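The following exercises concern helix packing and residue burial. Each task is followed by a solution in steps.

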Amino acid sequence: QGEHDGGAEEEADGARQTLEGPALLYYPRPHRHTLWAPTSGNVELVCLDVDFGAGAGNPLMHALPPVLALPMAELPALAPTAELLWAEALGGRCGHRAAVDRLDEGLVVQLLSHLMQHRRLDGGVLAGLADARLARALNAIHDDPGGDWTLARLAAQAGMPRARFAAQFSRTVQVPPGEYLQRWRLSVAKTLLRRGRPLKAVAQEVGYGSAAALSRMFRQ
């Protein structure tokens, strides 16, 4: 994420965009890009990393476009957090690193909320979360990845008939419900394993019953 004060140009894979005034740049996954600043004028950049867990395997990463370049003028709800983040990042006060980490996370949450609220996403899990009925099923999966989820139970969470739920879920989230459940379970499993949790305990927590079953899913 970066904020620009002044003018700058951002180019990603040959597509150039000129930014006038403060802006938020977000690259949710590795993406080749170059930033140019004018030789005259005052341009400052603050760069931060956000770890969503499980790296590129996290469904959230695939729900976002490769590049988001948004003028801060379009993001009034993010302005207070962005200003605090800017002050902490450049102030160098005691404890500023911890403050920046928390503010950074908050800014990304607010950004995702903005994208969902204003329907800025064509598909993926965030588009699903913007749908009130699909959101109930998605939140159930996220809250309990090890649950005994079937199509019928997820449809009941959404308050929809099974066939209609499956079709709307696949159209909006761009993967069938069962495939999304599998991806989410593996994403959670990767995060837990990186924290040092035993494979057997992780397998049970994400609904795979045994270490061997989870290992087979990873190989697939």
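**Exercise 1.** Classify Ala 99 of this predicted model as buried, partly exposed or exposed.

*Solution.* Step 1: the relative accessibility of Ala 99 is 24%. Step 2: buried requires a value under 20%, and exposed a value over 50%. Step 3: Ala 99 therefore counts as partly exposed. As to its setting, Ala 99 belongs to helix H3, which spans residues 96-117. Its C-alpha atom lies 8.7 Å from that of Ala 89, a residue 10 positions away along the chain.

**Exercise 2.** Describe how helix H6 packs with helix H7, and determine the character of the contact residues.

*Solution.* Step 1: two packed helices are described by the angle between their axes and the distance between those axes. Step 2: for H6 (residues 151-158) and H7 (residues 162-173), the angle is about 85 degrees and the axes are 9 Å apart. Step 3: angles of 65 to 115 degrees count as roughly perpendicular, so H6 is roughly perpendicular to H7. Step 4: H6 contributes Leu 151, Ala 152, Leu 154, Ala 155 and Ala 158 to the contact, while H7 contributes Arg 162, Phe 165 and Ala 166. Step 5: these residues divide into seven nonpolar, no polar and one charged.

**Exercise 3.** Identify the buried residues of helix H10 (residues 211-219) and establish how they are arranged about the helix axis.

*Solution.* Step 1: the buried residues of H10 are Ala 213, Leu 214 and Met 217. Step 2: viewed down the axis of H10, they fall within an arc of 95 degrees, so they line one face of the helix. Step 3: the buried residues of H10 pack against helix H8 (177-194) and helix H9 (199-205).

Conventions:
Residues are numbered from 1 along each chain as its sequence is written. This is a predicted model: local features need pLDDT of at least 70, side-chain atom pairs count only at pLDDT 80 or more; totals for chains, interfaces and linings use all residues. Side-chain values use heavy atoms; hydrogens and water are left out. Axes are lines fitted to C-alpha atoms, for helices over the stretch in contact, and angles run from 0 to 180 degrees between N-to-C directions. Helices (H or I, at least four residues) and strands (E, at least two) are DSSP runs, numbered from the N terminus. Angles under 35 degrees count as roughly parallel, over 145 as roughly antiparallel, 65 to 115 as roughly perpendicular and the rest as oblique. Contact means heavy atoms within 4.5 Å. Ala, Val, Leu, Ile, Met, Phe, Trp, Tyr, Cys and Pro count as nonpolar, Asp, Glu, Lys and Arg as charged, and the others, Gly among them, as polar. Buried means under 20% relative accessible area, exposed over 50%, partly exposed in between (1.4 Å probe, protein chains only). The arc is that of the directions from the helix axis to the C-beta atoms.
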